[in-house]
Each structure stands twice: as C-alpha cells, then as structure tokens.
Amino acid sequence: MARFVTIGYGDQAGYDRTDPAVRDEAHAHDARMLAAGASAGRAGPPVQVRNHDGKGVSVQNGPFMSAGLPLAGFGIIEADTIDEAVELASRTPCAVAQGVVEVWPLLE
C-alpha cells in the first residue's frame with residue numbers, strides 16, 4: 001500500500017457556513033481514518049529553517065508557502081492508488097467545508 005501526504009487548507013468562515021451535518025460526517029470520516037492507522041493533525045504556527053551549505057542555521061517565523069486559504073492541517077494516509085487517496089481526502093473537513101486538500105504521493 002502506498003502512503004500519501006495530505007495538506008488541508010481552510011478557514012473558519014468556510015467551516016462555519018458548511019451544513020453542520022456535513023461537517024459532523026467529515027469529522028466522523030477523519031475519526032474512522034485515524035482508527036484505521038492514518039496520522040493527522042492541525043497545523044500550528046510554522047518556522048522556516050535554512051542551513052545553506054551547512055554554514056549556519058537561520059530560523060524565521062512564518063510560512064514559506066502562500067495560499068489563498070490558511071494552512072489547516074496535515075495527514076499521512078495509506079491507499080492502493082492516488083484515486084483511492086483522493087476519495088479518502090475528498091470527505092475530510094477541509095474538503096467539504098469550503099477548503100481544499102492537496103494529496104501528495106510519498107516517494108520511498
């Protein structure tokens with residue numbers, strides 16, 4: 001089975017305007033995925049780390065990437081195919097609550 005990194009983007013306004021029944025089912029879906037072995041978590045404040053040419057570490061507060069929606073969380077899921085991973089991601093809170101989820105194959 002392949003592993004995939006999921007990156008969810010979404011904001012509170014989109015979450016709030018989504019039907020509570022849809023949100024509840026998305027959270028139940030997440031709980032089922034976690035029980036089956038997925039890893040997931042909400043994103044906290046990031047830092048950028050650099051050590052160019054191994055000559056010294058510099059750390060800067062804030063994200064490196066920019067997006068139209070704030071970063072909400074990450075996950076590691078297992079699926080047989082990218083299509084199956086997309087199906088799993090499509091039912092998560094970020095996907096159903098007016099956000100977006102990226103699905104990245106984890107190359108090993």
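In what order do the elements of the chain run from the N terminus on?

**Figure 1. Meet the whole chain, shown as a predicted model.** From the N terminus on, the elements run β-α-α-β-β-β-β-α-α-β. That pattern comes to four helices and six strands. Along its principal axes, the C-alpha trace spans about 50 × 35 × 20 Å. The chain has 108 residues, and 24% of them count as buried. About 7300 Å² of the chain is exposed, with carbon and sulfur atoms supplying 56% of that area. Take the contacts with a separation of 6 or more: residues 24 or more positions apart account for 71% of them. As for charge, the chain has 8 positive and 14 negative charges, and their mean positions are 8 Å apart.

**Figure 2. A look into the largest nonpolar core.** Which seven residues make up this core? They are F4, M33, A38, I77, A79, A85 and L88. Two elements, β5 (71–79) and α3 (82–89), give two or more residues each to this core. Try finding I77 and then looking around it: leaving aside neighbours within four places in sequence, I77 is in contact with A2, R3, F4, T6, M33, A38, A85 and L88.

**Figure 3. The buried side of helix α3.** In α3, the buried residues are A85, L88 and A89. Why do they sit on the same side of α3? They do so because they cover an arc of only 95° around the axis. These buried residues pack against β1 (2–9), α2, β5, α4 (93–96) and β6 (100–105).

**Figure 4. T18, a residue in a loop between two helices.** You can find T18 between α1 (12–16) and α2 (20–35). Is T18 buried or exposed? With a relative accessible area of 5%, T18 falls under the 20% cut-off and so counts as buried. Not counting neighbours within four places in sequence, T18 is in contact with R23, V96, A97 and Q98.

**Figure 5. Q98, one of the contacts of T18.** Q98 lies in the loop between α4 and β6. Its relative accessible area is 41%, so Q98 counts as partly exposed. Now for its backbone: Q98 has a positive phi of about 70° although it is not a glycine. Why point this out? Because most residues other than glycine have a negative phi.

**Figure 6. From the loop residue D53 to the strand residue S58.** D53 is placed in the loop between β3 and β4. Here is another positive phi, about 60°, in a residue that is not a glycine. At 71% relative accessibility, D53 counts as exposed. S58 belongs to strand β4 (residues 58–61). This serine is partly exposed, with a relative accessible area of 36%. Leaving out residues up to four places away in sequence, S58 touches Q48, V49 and R50. Compare that with L34, which is 24 residues from S58 along the chain: the C-alpha atoms of S58 and L34 are separated by 35 Å.

**Figure 7. G44, a glycine in the loop between β2 (39–42) and β3 (47–50).** Is G44 buried or exposed? G44 has a relative accessible area of 51%, so G44 counts as exposed. For a sense of distance, look across to D83, 39 residues from G44 along the chain. The C-alpha atoms of G44 and D83 are separated by 29 Å.

Technical notes:
Residues numbered from 1 in each chain as written. Predicted model: local features only at pLDDT ≥ 70, side-chain atom pairs only at ≥ 80, totals over all residues. Heavy atoms only, no water. Core = buried A, V, L, I, M, F, W, Y, C linked by side-chain atoms within 4.5 Å. Buried < 20%, exposed > 50% of the residue type's maximum accessible area, 1.4 Å probe, protein only. Contact = heavy atoms within 4.5 Å. Areas by Shrake-Rupley, 256 points an atom, 1.4 Å probe, with all protein chains shown as cover. Lys, Arg positive; Asp, Glu negative; His and termini not counted. Charge placed at Lys NZ, Arg CZ, Asp CG, Glu CD. Arc of directions from axis to C-beta.
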